[in-house]
Amino acid sequence: MGHRKTEAKPLLGRVKDSLAIRIIIIALIVIMLAGLYLHFAWHRYQMAAEEDALRLTRSLESLLHVEHIVALASDEQDQVIPDLPLVEHSLVRLVETTDHVYYACILSKQNEGVAVVANSAAANSGAFNRAKCGCEALEKISLRLFETGQSFLTEPISSPCGDWIWAIVPIFAPESKDVAATLALSYSAEQWNMDLWKRMSFDIITATLFLILVVVLLSLRHQHVKLKENSVRLAFQKALYRNVFEQAPIGIVLQGSRESMQADYISINPVGATILGRDIDSLKDTSLLRLTHPEDLKAELPKYESFVKGEINSYSLEKRLIKPDGSFVWVNIKVAGFSGSPISSSMYICLLEDISARKKSEEALRESERSKSVFLSHLPGLAYRCKYDKDWTMEFVSEGCHALTGYAADSLLYNRELSFNDIISPEYRQLLVDKWERILRHHNRFQSEYEIITKSGERKWVLELGQGIFDSEGNVEALEGIVLDISERKKKEHQITFLRERDFLTGLYNRSHMEQEKKRLDRPRYWPLSVVVCDIDGLRMVNDAYGHEEGDRLIAETAKLIQSCLQQDYLLGRIGGGEFMLLLPKTDSQAADRLISDITSKIEGYNRANKNALYAVNLSIGHSTKEEEDQHIEDVLRSAEESLKRKKLLNQNSAHSAIVSSIMATLYAKSQETEEHGQRLGSFCRMIGEKLGLEEKSLYDLQLLSKLHDIGKIGIRDQLLNKPGKLTEAEWREMELHPEIGNRIAMATPQLEHIAGYILHHHERWDGKGYPMGLKGQEIPIIARILTIADAYDAMTEDRVYRKALPPETALEEIERNAGTQFDPDIARLFVELIRKQLKDGNLPT
């Protein structure tokens with residue numbers, strides 16, 4: 001685009017060049033035509049003169065006596081020719097009477113050559129001798145006439161006597177019609193040409209006049225075009241002025257007098273009217289000075305007075321002009337004289353540029369600078385500009401430097417007391433140099449986290465965000481950025497990392513981290529790698545019996561016991577409920593066995609030292625070792641888990657029995673339940689079962705259920721179990737949870753799993769209004785229905801904290817009343833009969 005623009009010509013210039021080319025072409029054509037015309041005219045006159053000369057020669061030849069000439073041309077040289085004087089006299093007369101002919105002669109062919117046999121030597125022509133000088137050349141030229149018999153006119157023949165043109169015609173013999181001789185007349189070439197030019201004079205004048213006419217016409221055409229160009233240029237200048245004036249992005253105001261404050265406005269463009277908020281009519285009664293804001297008028301008046309006095313040609317300033325609505329607009333005004341005006345020499349022009357937006361931007365920039373200053377003062381760190389050198393020499397440091405580093409900002413400027421590099425922790429210095437080098441090479445933004453050492457010696461984590469400042473050639477001028485204190489964030493990140501990698505209950509590594517570590521350690525330099533898995537026996541029963549809080553305490557205590565036996569490079573993690581994993585790098589199977597023995601001994605010592613605890617810690621442990629590359633780590637882990645399962649089978653019975661005993665002892669201690677209550681229930685239930693014909697296995701389950709049916713009360717608060725008054729609705733809802741708790745405890749114990757359903761349903765009612773499942777009638781297991789009646793009777797006949805015991809008969813009557821609603825009616829009737837019989841016989845168990 002730029003190339004085309006520089007080559008492009010203005011419209012008028014192109015028109016002018018085109019016209020000049022046309023004029024030159026027309027002039028050349030006219031000259032060529034004139035030249036051709038004169039050339040053809042010369043040729044025409046030449047041909048006419050040649051024809052006239054030949055015609056004249058033939059005419060003269062016809063006047064001569066041919067017989068005399070034939071006689072002269074004969075070969076008898078020694079013979080006296082009487083006709084010679086007569087022939088020569090005729091030739092003399094011919095020369096004397098014919099204009100422009102200077103010499104005449106008759107030539108004949110002799111001895112294969114041509115010779116003059118007669119001439120006009122006696123003629124009184126001043127050019128005779130000069131004409132005769134060309135005869136020798138003529139003798140050679142006229143030889144061809146004897147051969148062709150054709151008349152011809154020679155070209156100018158040069159001789160010492162001048163240039164001559166010869167007209168030669170043949171003279172034929174009367175009888176034979178052969179060429180007997182030739183008649184040759186000479187013409188002066190100079191005179192010949194002069195005659196031609198005389199004939200050409202009219203044509204030359206005509207051509208000259210034609211050329212003059214064409215030149216005049218072309219000149220008139222040129223003047224016309226020039227006038228037209230001037231007209232176009234003038235119209236263009238008017239259009240240019242109109243478009244510039246109307247389309248100019250600045251206001252233009254023409255004023256008639258610079259001496260008067262009451263200005264005579266001549267013209268104002270649309271932008272000027274928009275800026276002022278006034279048209280030219282409304283400006284007639286005022287001036288720009290009167291519209292100037294009072295605060296700005298003081299600064300303009302001295303300049304205006306100097307301008308009026310002619311001391312300065314122009315002036316400019318920024319000021320505010322008041323609009324009709326009282327608002328003001330900021331303008332940059334330039335006032336200058338309007339030279340060359342035919343109207344008035346004191347006219348001047350005012351150029352107005354609306355700079356309100358710029359003023360607002362400047363105000364916004366000042367506000368931005370103020371805000372930036374406030375921002376930098378509250379920045380949790382420092383802002384900087386430094387050189388790209390080994391010391392990071394600071395050229396600017398914000399006031400936040402002191403809060404971040406303990407050093408005043410001035411102490412870092414140009415390394416006055418120390419350089420910023422001195423503050424960076426040594427292990428990060430080269431890393432930052434290398435990273436900046438990579439960043440600047442690709443003109444990217446810099447971001448890095450590292451530690452600094454403050455004046456007090458404290459280590460702080462900082463985040464640096466920066467960028468390079470480059471010159472036009474791409475060289476680094478400086479570095480700019482901010483350094484933020486992220487120590488608190490780092491602490492939180494460490495906490496988050498700890499929580500992400502650690503088990504919140506024990507503080508050990510969690511399963512996810514142990515999986516990563518397992519993969520990391522699966523390398524030859526860590527072989528042999530032993531994997532140990534552990535599981536707390538009876539944890540589910542502890543959770544169900546004593547609550548998850550107690551189960552969590554058991555897990556935490558077990559973790560501490562295991563961890564106390566480990567070396568520093570051993571890894572311990574909790575991978576599930578009561579399950580743990582140990583990764584033992586560079587540890588063979590024998591060393592792993594020794595570690596397991598240490599852990600077992602540690603747990604046994606703990607149990608001995610805590611004999612009064614609710615339960616003992618029981619831990620099953622299995623392990624396996626990877627010693628070769630072809631062993632897959634997952635296979636090693638499965639092998640360890642299989643070892644653990646075998647150990648649990650060996651430990652299961654004794655551990656669960658001990659836990660059950662511990663649970664029952666705890667239950668008797670925290671509630672009114674007694675071991676005797678269980679024995680009485682066992683007698684009642686066996687008595688009913690035998691009467692109903694139950695098999696021995698069911699009778700055994702009845703006796704076991706009699707002792708453990710309320711095992712779920714281990715999870716109920718002591719305050720509810722021993723509350724002397726009536727329970728509230730909320731307390732009843734809590735109390736009603738004990739069948740479900742007992743069910744879970746029994747399900748967690750293989751020896752009790754078969755009575756778990758009886759424990760769950762021993763508070764169901766025959767009419768379906770019991771809990772927890774709302775079973776009714778035959779849906780309730782028969783063993784649970786038997787226990788329900790026996791338990792109700794024993795409870796009514798024993799003292800409670802909230803009432804005294806009822807007489808046996810009263811209790812039996814209560815059972816009868818609730819038969820068919822609360823109790824199975826058949827079993828209730830049978831139970832009442834059996835108890836009354838025992839009461840009568842005095843065999844009732846106590």
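In helix α23, the buried residues are S698, L699, D701, L702, L704, L705, S706 and L708. The model is predicted, and α23 covers residues 696–708. At 1.5 Å a residue, its 13 residues should span 18 Å, and the end C-alpha atoms are indeed 18 Å apart, so expectation and model agree. The points below take up a second helix, a buried arginine, a strand pair and the salt bridges.

**Helix α19**

- Helix α19 comprises 16 residues, 548–563. From its first C-alpha to its last it reaches 22 Å, close to the 22 Å expected at 1.5 Å a residue.
- Its buried residues are E550, G551, L554, I555, A556, T558, A559, L561 and I562.
- These buried residues pack against strands and helices alike: β17 (529–536), β18 (571–576), β19 (579–584) and β20 (619–626), together with α18 (539–546) and α20 (589–609).

**Strand β9 and its link to helix α11**

- R320 is located in strand β9, which spans residues 314–322. Its relative accessible area is 13%, and because buried means under 20%, R320 is classed as buried.
- Beyond its neighbours within four places in sequence, R320 is in contact with L291, T292, H293, E295 and D296, and also with F328, V329 and W330.
- A salt bridge joins K359 to E318, with 3.1 Å between the closest N and O atoms. K359 belongs to helix α11 (residues 356–378) and E318 to strand β9, so this pair ties together parts that are 41 residues apart in sequence.
- E318 is partly exposed, at a relative accessible area of 31%, whereas R320 is buried.
- In a regular strand, side chains alternate between the two faces of the sheet.

**The β14–β15 hairpin**

- Strands β14 (residues 446–453) and β15 (residues 459–470) run antiparallel and are joined by eight bridges.
- One of the residue pairings is that of S448 with its bridge partner E464 in β15.
- Five residues lie between the two strands of this hairpin, and G457 takes a positive phi near 90°.

**Salt bridges in and between helices**

- The model contains 46 salt bridges when a side-chain nitrogen of Lys or Arg must lie within 4 Å of a carboxyl oxygen of Asp or Glu.
- Within helix α22 (residues 675–692), E690 and R686 are four residues apart, which means that about one helical turn separates them. Their side chains meet in a salt bridge, at 3.2 Å from N to O.
- Both members of the α22 pair are partly exposed: E690 has a relative accessibility of 47%, and R686 has a relative accessible area of 23%.
- R836 and E816 form a salt bridge whose closest N and O atoms are 3.1 Å apart. Since R836 lies in helix α30 (residues 825–841) and E816 in helix α29 (residues 808–817), the pair ties together parts that are 20 residues apart in sequence.
- R836 is partly exposed, with a relative accessible area of 31%; E816 is likewise partly exposed, at 39%.
- A network of salt bridges links E51, D52, R55 and R199.

Methods:
Residues are numbered from 1 along each chain as its sequence is written. This is a predicted model: local features need pLDDT of at least 70, side-chain atom pairs count only at pLDDT 80 or more; totals for chains, interfaces and linings use all residues. Side-chain values use heavy atoms; hydrogens and water are left out. The expected span of a helix is 1.5 Å times one less than its number of residues. Buried means under 20% relative accessible area, exposed over 50%, partly exposed in between (1.4 Å probe, protein chains only). Contact means heavy atoms within 4.5 Å. Two strands pair if DSSP finds at least two bridges between them.
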